[in-house]
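Here are a few exercises to help you find your way around a new structure. Try each task yourself before you read the solution.

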Amino acid sequence: MKNKLKSLAAVALAAGSLTSQENSFAENAPVVTYHTTKLDGLNLFYREAGEPSRPTIVLLHGFPSSSHMYRDLIPKLARKYHVIAPDYPGFGYSDQPAVTDFVYTFDHLAAVTDDLLNSLKLDRYSIYIQDYGSPVGFRLFVKHPEKIQAIITQNGNAYNEGLSPFWAENLYPYWRDKSVANEAKVRELLTLDSTKFQYTAGFRDPAHVSPDAWTFDQATLDKPGNAEIQLALFYDYQNNVKQYDSWHATLRQAHPAVLAVWGKNDPIFLPQGAQAFTNDVPDAEVHLLDTGHFALEEDSNVIADYILDFLGRKVH
């Protein structure tokens, strides 16, 4: 009987210890908050976490996603950094004005993002760029090189070497001629099958990817009028490629800290695009991961570790 009581007491003590550890973890876990602010007549949504007194990381999302793509990364980074993740107009929870009321170009998306960051009084910050986040982030960098403490690129392309055959097959014809046939081909990129493709192609195991990711993205693409928004941005993407030389010149001149953590199996942006950063920033750190375009879906822990180590050495 005494032995049984001792065993029960030991179990209770262990359970109590585990509960205490869980409570401690929960108490220390960063709280993510959700905000909508009105700027220039637009409701802009952003996620925020971490102490504002700490160095800031701005997470700039890709197509067809939103700040939702950073849902797992934000709390990992927020233990040591202040994190901001906005939704561009036409994406996620931000307003979606019609193409007749808002000019959907990457210049405009970057200007709106700049206005948001200024309204939050962010004078210095690092940027995490993925897909569309690259042209938005590089415009911020070229305009305010003194503000950008570090650039973390995760399949955020800035080099011709990074453009896969996807571009010649789908976008180049549309850039040359906005014909009905070329537009129809580009519209196929807005379908659920195409969205799922971005979240499964090149991944070690598609079962690692929550269907919440492509379901949430597709809900935005399926909103009335959103297809026209995406077509406008697809067409304007050619101006990003034309600005590559300017981006490279600013990299060479400002020499920011650069970390590339890249899904090497991405069918849209090739790993050569990650390696190319060393052309202009020779000490850029490059890590190629065995995953796809939305690498965070499969490797958020690995990427967070690389970022925390990198910023811990580069940003103070």
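A pocket, as the word is used here, is an open set of grid points with protein on both sides within 12 Å along at least five of seven lines, and a residue lines it if one of its atoms is within 4 Å of a point. Keep in mind that this model is predicted.

**Exercise 1. Describe the largest pocket: its volume, its lining and the helices that help build it.**

Solution.
- Step 1: Start with the space itself, which comes to about 210 Å³.
- Step 2: Now look at the walls. The lining is made of 15 residues, and F63, F166, L189, Q198 and I268 are the ones nearest the centre.
- Step 3: Sort that lining by class, and you get 11 nonpolar, three polar and one charged.
- Step 4: Check the helices. Both α5 (165–170) and α8 (192–198) contribute at least two residues each to the lining.

**Exercise 2. Work out which strands β2 pairs with, and in what sense.**

Solution.
- Step 1: Find β2 at residues 42–49 and ask how covered it is; seven of its eight residues are buried.
- Step 2: Take one neighbour, β1 (residues 33–39). It pairs with β2 in the antiparallel sense, over seven bridges, and T33 stands opposite E48 of β2.
- Step 3: Follow the chain from β1 to β2. The two strands make a hairpin with two residues between them, and D40 in the turn has a positive phi of about 50 degrees.
- Step 4: Take another neighbour, β4 (residues 82–86). Its pairing with β2 is antiparallel too, over four bridges, and here E48 stands opposite I84.

**Exercise 3. Classify the ring pairs Y93–F216 and F106–Y237, and say which parts of the chain they link.**

Solution.
- Step 1: Know what to look for: a pair of aromatic rings is described by how far apart the centres are and by the angle of the planes. Planes over 60 degrees apart count as edge-to-face.
- Step 2: There are 24 aromatic pairs by this rule. In one of them, the centres of Y93 and F216 are 5.5 Å apart and the planes sit at 65 degrees, so this pair is edge-to-face.
- Step 3: Place both residues on the chain. Y93 is in the loop between β4 and α3 (106–119), while F216 is in helix α9 (residues 211–221), so the pair links distant parts, 123 residues apart.
- Step 4: Repeat for F106 and Y237. With 5.6 Å centre to centre and 90 degrees between the planes, they are edge-to-face as well.
- Step 5: F106 belongs to helix α3 and Y237 to the loop between α10 (226–236) and α11 (238–242), so this pair ties together parts 131 residues apart in sequence. Both residues are buried.
- Step 6: Zoom out. F106 and Y237 are part of a cluster linked by ring pairs, whose members include F63, Y88, W167 and F269.

**Exercise 4. Find the cavities of 30 Å³ or more and say what lines each.**

Solution.
- Step 1: Count them: a search of the whole structure turns up two.
- Step 2: The largest holds about 40 Å³, and its lining is L44, P86, D87, Y88, P89, V112, T113 and L116. Helix α3 gives the largest share, three residues.
- Step 3: For the second largest, the space is again about 40 Å³. M69, Y70, R71, D72, L73, L296, E297 and S300 line it, with the largest share, three residues, from helix α15 (residues 296–314).
- Step 4: Sort by class. The largest cavity has six nonpolar, one polar and one charged, whereas the second largest has four nonpolar, one polar and three charged.

Methods. Residues numbered from 1 in each chain as written. Predicted model: local features only at pLDDT ≥ 70, side-chain atom pairs only at ≥ 80, totals over all residues. Heavy atoms only, no water. 1 Å grid on protein atoms, 1.4 Å probe; cavity = no way out; pocket = protein on both sides within 12 Å on 5 of 7 lines; lining within 4 Å. Points joined across faces, edges and corners; volume = space filled by probe spheres on them. Nonpolar A, V, L, I, M, F, W, Y, C, P; charged D, E, K, R; others polar. Buried < 20%, exposed > 50% of the residue type's maximum accessible area, 1.4 Å probe, protein only. Pairing = 2+ DSSP bridges. Phe/Tyr/Trp six-rings, centres within 6.5 Å; stacked < 30°, edge-to-face > 60°.
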